[in-house]
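This briefing covers the open and enclosed spaces of one protein model, followed by a patch on its surface. Please read it alongside the sequence and structure.

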Amino acid sequence: MKNGKAWYDTDGNVIHCHGGYIIQYDGYYYWYGENRLDNNYVSCYRSKDLKTWEFRNHVLTTDSKVEQLRFNMTTDLFKTDGVGNKIKVNIERPKVLYNKRINQFVMWAHYENGRDYLEAKCAIATCDTPDGDFVFRGAFNPYGYMSRDCTLFEDEDAAYFISASRDNADLHIYRLTEDYLNVDEHVRTLFQGEYREAPALFKKDGMYYMITSFCTGWAPNQGKFSKACAIGGQWTSLKNFGDETTYRSQPAFVLPVSKNGETKYYYFGDRWGGKGKKYFESTYVVLEIKFDENNDPYIIYEDEVPDFI
Ligand code: GAL
């Protein structure tokens, strides 16, 4: 498998899993991501080796069941034009965690009305299996804030939702409620006025690392990282990660992979657009994250996708 080239599932179809996220569950890696074809929003694939991907389901579509979670949440999965045609809304950067307390897979994503990016909401969907039909539970502005590019991060004792706010100028960290169905506390505002997007968070040896892009739409830019000893503590100033275009990619997520007591960390990025492609399609760029003598993360470009340990 090559970075920046189309990847195919076991049926021979191009994998559409953009701006996505991978979790491990019951012996499989489940990969969720954007799929804007037809009436799809989010597709799910699974794999045991992170290279052979089996298509499982379009887990969220315009036809998904809707069950409003709380009063006043936006539950439209499509709008209707003057002559009755369905207009899709926009659901981006879907991330999923399994919540053992409610035995549900909980998806958080970025929600927009399909016309513009002014709603700036986060959306929630739930399912009792990893790759079943998710139920759309609605979209909202956490504590009234704007919420665009986002990610989830599960720590040992709590989970967090991180999203770009104030027209992307700042990045908010929210701790989730125990059932992962709401925000429980706005714990930190990061990178005031730095316009960081596409957050990807991981933890290594007790240190938290956040990788982000700058805010240039679908065009790639200089990635940066920051680190902190506590998620709600002080984060370091931003430092460069990758080259001036992050090797022509934008962060989607970071996947830790452990085997025989060793853990490696993989950067997954989207290379959006390109010749003959629509803007919303990306190829994938996966690079092993290495750490220098200061424990600062870095990546070096390789054409070949790494051999995951
Ligand atoms: C990017 C963002 C993408 C998408 C795009 C739309 O900055 O990371 O997820 O929202 O803008 O222009």
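Which element gives the most to the lining of the largest cavity? E20 does, with three residues. The model is predicted, with pLDDT of at least 70 needed for local features and 80 or more for side-chain atom pairs, while totals for chains, interfaces and linings use all residues. Residues are numbered from 1 along each chain as its sequence is written, and side-chain values use heavy atoms, without hydrogens and water.

**Cavity**
- On a 1 Å grid over the protein atoms alone, a cavity is a set of points where a 1.4 Å probe fits but cannot get out, and lining residues have an atom within 4 Å of a point.
- The count comes to one cavity of 30 Å³ or more, and the largest holds about 40 Å³ of space.
- Its lining includes Cys 17, Trp 31, Phe 268 and Asp 270.
- E19 and E20 are the elements that give two or more residues to this lining; strands are DSSP runs of at least two residues (E), numbered from the N terminus.

**Pocket**
- A pocket is an open set of points with protein on both sides within 12 Å along at least five of seven lines.
- About 560 Å³ of space lies in the largest pocket.
- Of its 20 lining residues, Tyr 21, Ile 22, Leu 97, Glu 154 and Pro 256 lie nearest the centre.
- Strands supplying at least two lining residues each include E1 (18-25) and E19 (250-259).

**Tyr 279**
- Tyr 279 lies in the loop between strand E20 (262-272) and strand E21 (282-291).
- Its relative accessible area is 46%, so it counts as partly exposed (between 20% and 50%, 1.4 Å probe, protein chains only).

Key:
Points joined across faces, edges and corners; volume = space filled by probe spheres on them. Helix = DSSP H or I, 4+ residues; strand = E, 2+ residues; numbered from the N terminus.
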